Amino acid sequence: MRLKDKIAIVTGAASGIGRATALKFAEEGAIVIATARRKGNLEEIAEIAKSKNQVIVPFPADLMEIETVGKIVDFAVEKFGRLDVLVNCAGILDGFYLADEFSDEIWDKVMKVNVEAPAKLARRAFQEMLPKGKGVVINVSSVAGTNGCKGGTVYTTSKHALVGFTKSAGYAYATKGIRCLAILPGRVATDILPGYERNFNGLTQSAAGNGVFGPTLASGPMRAQPEELANVIAFAASDEASFANGCVWTVDGGWSAM
């Protein structure tokens with residue numbers, strides 16, 4: 001088991017890539033603190049893990065409440081003595097509005113969940129990892145983190161910011177035993193995907209870029225299952241990926257190659 005006895009936090013664990021990652025980490029031997037807003041979903045995966053003699057500990061939290069972010073790391077350290085891996089997986093879409101259309105409310109909400117929360121959670125994780133000289137932080141960004149027209153303007157901006165944070169931290173801590181890297185999924189069959197489909201099929205009044213994003217979003221050659229991303233994230237968190245740092249791994253089935 002490549003993550004045996006590792007203490008890991010996975011955000012966005014109620015569904016999609018976060019859920020699959022929490023279950024994969026537990027399968028690989030990690031003790032997982034799974035966090036999200038939906039307590040029932042967290043309890044469900046905890047029971048699944050328990051039935052297999054694996055450990056997932058639910059920690060309900062709303063990343064919109066930034067003041068609670070540090071408490072997730074505090075809980076891990078108080079209960080298990082350390083934190084080895086943080087996976088920032090939680091994220092939200094923006095309605096596919098163009099740069100002249102997004103509201104202040106959308107900007108603030110997307111930036112809070114997609115940038116501020118993972119950055120401050122990572123900051124707290126680094127503070128625990130640095131004295132021990134070991135740890136991994138994985139930020140789940142998006143192909144929109146390096147490309148345009150793969151998401152709305154605010155979402156794209158937020159995912160670019162997360163990539164920048166990752167590269168900065170990866171370089172800064174490269175000689176201190178801490179790795180920080182980003183995974184960039186493409187189209188994945190998760191709870192967030194129906195939002196894509198509603199928008200680029202023109203079934204909502206939100207922009208869908210007034211048709212700008214639709215053809216691009218519909219053209220993705222493959223749609224991954226969350227477990228396929230979880231497999232990559234588990235490898236990235238393991239010692240097998242010890243030289244993977246400050247990097248941006250695009251895992252999109254060739255979408256960004258077009």
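Where in helix α4 is the kink centred? In this predicted model, the bend in α4 amounts to about 45° and is centred on Lys112. The helix runs over residues 104-129, and its length can be checked by simple reasoning: at 1.5 Å a residue, its 26 residues should span 38 Å, and because the C-alpha atoms at its two ends are 35 Å apart, the expected and computed values agree.

The setting of this helix is a protein of 258 residues, 53% of which count as buried, with eight helices and seven strands in total. Among the contacts whose partners are separated by 6 or more positions, 76% are made by residues that lie 24 or more positions apart.

Helix α4 takes part in a right-handed β-α-β unit together with strands β4 and β5. Strand β4, which covers residues 85-88, pairs with β5 in the parallel sense, and four bridges are found between the two; in this pairing, Leu86 has Val137 of β5 as its bridge partner. On β5 there is also a parallel pairing with strand β6 (residues 178-185), this time over six bridges, and here the bridge partner of Val137 is Cys180 in β6. The path of the chain from β5 to β6 passes through helix α5, residues 153-172, and this β-α-β crossover is right-handed. Val137 is thus a residue of β5 with a bridge partner in β4, namely Leu86, and another in β6, namely Cys180.

The surroundings of β5 can be described residue by residue. From this strand, Gly135, Val137 and Asn139 point one way, whereas Val136, Ile138 and Val140 point the other way, and all of them are buried. Since six of the six residues in the strand, which spans 135-140, are buried, β5 is largely enclosed by the rest of the structure.

A further link between parts of the chain involves α4 and aromatic rings. Four aromatic pairs are found when the whole structure is searched, and one of them is formed by Phe126 and Tyr173, whose rings are 4.8 Å apart from centre to centre and have planes at 50° to each other, an arrangement classed as tilted. Phe126 belongs to helix α4 and Tyr173 to the loop between α5 and β6, so that the pair links distant parts of the chain, 47 residues apart. As for the accessibility of the two residues, Phe126 counts as buried because its relative accessibility is 4%, which is under the 20% limit, while Tyr173 is partly exposed because its relative accessible area of 21% lies between 20% and 50%.

Attention turns finally to the loop between β1 (7-11) and α1 (16-27), where Gly12 is located. The C-alpha atoms of Gly12 and Leu63 are 9.2 Å apart in space, although 51 residues separate the two in sequence. When residues up to four places away in sequence are not counted, Gly12 touches Gly18, Arg19, Thr35, Ala36 and Ala90. Ala13 is found in the loop between β1 and α1 as well, and with a relative accessibility of 0% this residue counts as buried. Between the C-alpha atoms of Ala13 and Cys89 the separation is 7.6 Å, with their positions 76 residues apart along the chain. With neighbours within four places in sequence left aside, the contacts of Ala13 include Gly18, Arg19, Thr35 and Ala36, residues that are also touched by Gly12; Ala22, Ala34, Leu42 and Ile45 are likewise in contact with Ala13.

Methods. Residues are numbered from 1 along each chain as its sequence is written. This is a predicted model: local features need pLDDT of at least 70, side-chain atom pairs count only at pLDDT 80 or more; totals for chains, interfaces and linings use all residues. Side-chain values use heavy atoms; hydrogens and water are left out. Buried means under 20% relative accessible area, exposed over 50%, partly exposed in between (1.4 Å probe, protein chains only). Two strands pair if DSSP finds at least two bridges between them. A crossover is right-handed if, with the strands pointing away from the viewer, the path from the first strand over the helix to the second runs clockwise. The expected span of a helix is 1.5 Å times one less than its number of residues. The bend at a residue is the angle between axes fitted to the seven residues ending there and the seven starting there. Contact means heavy atoms within 4.5 Å. Rings of Phe, Tyr and Trp (its six-membered ring) pair if their centres lie within 6.5 Å; planes under 30 degrees apart count as stacked, over 60 as edge-to-face and the rest as tilted.
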